[in-house]
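Please open the model in a viewer and display side chains as sticks. The tour proceeds by selection, one charged pair after another.

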Amino acid sequence: RSELLAAAFFLSAWLFYRKGLTILVAPLFFASLLCKENAIVLPAVLIVDTYLHKNLSLQKTFASWKRLQAVIVAALAYLALRYSVLGGLGVPKIAQYMGGNLSVVERWMTAGRVFLNYFRLVLAPIDVAGDYDYNAIPIAHPGDWDAWLGLVLVAAVLGIAYWFRHRNRVVAVGLLFAVIALIPTSNLIMPIAVLMRSEEHTSEL
């Protein structure tokens, strides 16, 4: 499946980046993007991984940023290809969740409700659906407590990751990776088509 191929290429690119084999990182990253556009978060993951390295020095930081340029070029090449094929970077309005008629506030609050569902599935993976399509996740508004709870939990995860940054690097990177991996399909940055895909994201969390 496309998710497995994207994950394989993504993790391989990450591993080779950590080993300094930059020549392999960009093509693997590009292959991952061709499988699943969610892989666009790799540059952010690499920045987090580099920043949290306990033996980080100014020289190593500069070298990492130079190597990261190849990854950014690959990302820009993919975005250019996507734009040329689809005529845009985002999901067409007709294919967006609820016809693309959600306001920014509704999208953010509904994202909080979605995050809460992800936490629930990680702790108790029951009532799992293969596809959360039209109105499967009710639209949330500022008065919905569960939407706020989801957003607060995400903020708590970020806070815990920050607290662990010098205490346990593995925990910090893992928590930040879980949040970063959800950003492209979180509905926070741009409208998306399907709010949840449990087969993709429960494994990421």
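Begin by selecting Arg113, which counts as buried at 12% relative accessibility. The model in view is a predicted one.

Next, add Asp144 to the selection: its side chain and that of Arg113 meet in a salt bridge, with N and O 3.6 Å apart. Arg113 belongs to helix 5 (104-123), whereas Asp144 sits in the loop between helix 5 and helix 6 (145-164), so this pair ties together parts that are 31 residues apart in sequence. Asp144 is partly exposed, its relative accessible area being 22%.

Now move to Asp49, a buried residue with a relative accessible area of 6%. Select Arg169 as well; the side chains of Arg169 and Asp49 form a salt bridge of 2.1 Å, N to O. This contact links distant parts of the chain, with Arg169 in helix 7 (residues 169-182) and Asp49 in helix 3, 120 residues apart. Keep both displayed and add Arg18, since Arg18, Asp49 and Arg169 are linked in a network of salt bridges.

For the last stop, select Glu3 and Lys36. These two residues form a salt bridge in which the closest N and O atoms are 3.7 Å apart. Glu3 lies in helix 1 (residues 2-18) and Lys36 in the loop between helix 2 (22-35) and helix 3 (42-51), so the salt bridge ties together parts 33 residues apart in sequence. Both Glu3 and Lys36 are buried.

To close, how many salt bridges does the count come to? The count comes to 5 salt bridges.

Methods:
Residues are numbered from 1 along each chain as its sequence is written. This is a predicted model: local features need pLDDT of at least 70, side-chain atom pairs count only at pLDDT 80 or more; totals for chains, interfaces and linings use all residues. Side-chain values use heavy atoms; hydrogens and water are left out. A salt bridge is a side-chain nitrogen of Lys or Arg within 4 Å of a carboxyl oxygen of Asp or Glu. Helices (H or I, at least four residues) and strands (E, at least two) are DSSP runs, numbered from the N terminus. Buried means under 20% relative accessible area, exposed over 50%, partly exposed in between (1.4 Å probe, protein chains only).
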